[in-house]
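Please open the structure in your viewer and keep a selection panel at hand. The stops below are meant to be visited in order.

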Amino acid sequence: MSTPSLPLTDRSDLAPRLRTALLDADFTADGLLERLGAPAYAALARAETVPALRATRGGTPLDTLVRLFLLQRPVTPAEGGAALPGGLLDDAVEGGWLRREAAGEAEGEAIRAVIDVRPYGGPDGQDWFIASDLGCAVGGAGGIGSTAEGVVLGVGGASTTLAGLTVRGPVGDALDLGTGSGIQALHASVDATRVTATDLNPRALSFTALTLALSGAPEAELLEGSLFEPIDGNRYDLIVSNPPFVISPGARLTYRDGGMSGDDLCRTLVQQAGDRLNEGGYAHFLANWQHVDGEEWTDRLRSWVPEGCDAWIVQREVQDITQYAELWLRDSGDHRTDPETYAARYEAWLDEFEARNTKAVGFGWITLRRSGAAEPSVVVEEWPHPVEQPLGETVRAHFARQDYLRTHDDAALLAEHFTLAPEVVQEQIGLPGAEDPEHVVLRQHRGMRRATQVDTVGAGFAGVCDGSLSAGRILDAIAQLIGEDPVRLRDQTPAQIRLLVEQGFLEPVEEGTRAQA
């Protein structure tokens, strides 16, 4: 199945005019919620369009734009002209973004959208718009995914997850590798002086240009090619990529299938990123990886980390090979083909996994930071629990803590002052009426929302950390209170303190801001 022809992009005046019309009609994320109401808005995110159709029967310009671009329903030329005034309707048809079609002898002519344009709220309240192929965004009227070659997807859960993970702040050069419809490039444009976006699919680059223009963002450098090939050895302060990470037999669908064996595409992407980062720069990836029989998945991921980089790798989900194959066969609509075709494709996936001795597939986040440290910090962990997005500041703080711990041995930790992170609470777990709790748990209510069990000493230590006393003096006081040898306590406890600092439960206090005892 082939994709429709590429929207024309040689009308440089068209996108700003269309943006003005969309804003004038309040075709924004906030405007949609107010017009549709929460139930219809939520139903649209599930690709259920009936509630939104009922909510947009008033014939206002906003109603027309919702039906045209989000619900992909025909509108009359009169309705289209009211929503896109001043000749903009005709220009959008000429530009290839809309088309005229016969609506039957009794109804006359109708206007239909050729591309999907949907509002997207920026991190600072910006009114942005994401352009993609029809039916290829969450809430698209045609459903999610496509079997079309070269299709360009819009906003999805992976897109927003990656955007939320990315460390933000002023940077010089940013790279969005495998840009798709340009969502990550759009986010990067807020902080970066220069944004480069690459993609193997030339249609994706056109949609990225349109997304940026409709959103009022600066233009990006758009380069066609695979992985890091198009950038000619350049280095960046920020690299983001939501690559085609699906582990599949072959590369049938460009937008999701990597085209390399197993998880080689993700491995190659991560390994090559080290040489493309400036000192202190971050690279953020979403990825899939194989769980190979007889091999620890954590060791597999550690081997991907390039020299000179710290890494934080978080596995969010694991699926056995049957679950994984079924997920992606449904994503592309293969379950709606005839049973024999579906069974043959299912068999091909299982054959691929059997040949590679793969028993399951993991999904998660990979963040690199170019530190140049002699002993890089590589943290590989499984965390399937709910987190609080955005996590960019949590990611930044994680690497700052690695820098701190790298320069503080146990003796230095005991001389330091700490405070309990403000979002941490202590929970005591035990039988009702019991004199002492069976377990004491420290729990975060922000960021990664971690929980960790601590012993009596750890709980007592964390409870009195207010920055006024050094860790060593606190341990001496605890030793006296419980009748423990203070030397023994000072020898045993730094490992627990180190873990609490590493996971963000305790925060070091700078010398100039320490409270006075």
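The tour that follows moves from a sheet to a helix pair, then to the nonpolar cores and a single arginine.

This is a predicted model, in which local features need pLDDT of at least 70 and side-chain atom pairs count only at pLDDT 80 or more, while totals for chains, interfaces and linings use all residues. Residues are numbered from 1 along each chain as its sequence is written, and side-chain values use heavy atoms, with hydrogens and water left out.

Begin by selecting β17, β13 and β18, three strands that form an open sheet in that order with antiparallel pairing; strands here are DSSP runs of E with at least two residues, helices are runs of H or I with at least four, and both are numbered from the N terminus. Two strands count as paired if DSSP finds at least two bridges between them. The edges are β17 (466–470) and β18 (506–508), each of which pairs on one side only, and the twist averages 35° from one strand to the next, with angles running from 0 to 180 degrees between N-to-C directions and axes being lines fitted to C-alpha atoms, for helices over the stretch in contact.

Next, pick out β13 (residues 417–420), which two bridges join to β17, and find Thr-419 standing opposite Asp-466 in β17. Adding helix α18 (residues 471–482) shows what packs on the sheet: this helix touches β13 and β17, and its direction makes about 75° with that of β17. Contact means heavy atoms within 4.5 Å.

Now select helix α15 (residues 392–406) together with helix α20 (residues 494–502), whose axes come within 9 Å and cross at roughly 155°. The two helices are therefore roughly antiparallel to each other, a term used for angles over 145 degrees. Arg-401, Gln-402, Tyr-404 and Leu-405 in α15 meet Arg-498, Val-501 and Glu-502 in α20.

For the interior, which residues touch the most other members of the largest nonpolar core? In this core of 73 residues they are Phe-285, Ile-366 and Leu-368, a core being a set of buried Ala, Val, Leu, Ile, Met, Phe, Trp, Tyr and Cys residues joined through side-chain atoms within 4.5 Å. Strand β9 (residues 277–292) gives the largest share, seven residues. A second, separate core of 41 residues includes Leu-14, Leu-18, Ala-55 and Phe-129.

Finish at Arg-194 in strand β6 (residues 192–199). Arg-194 is partly exposed, with a relative accessible area of 45% (buried is under 20%, exposed over 50%, partly exposed in between, with a 1.4 Å probe and protein chains only). Not counting residues up to four places away in sequence, Arg-194 touches Gly-172, Asp-173 and Ala-174.

Conventions:
Parallel < 35°, antiparallel > 145°, perpendicular 65-115°, else oblique.
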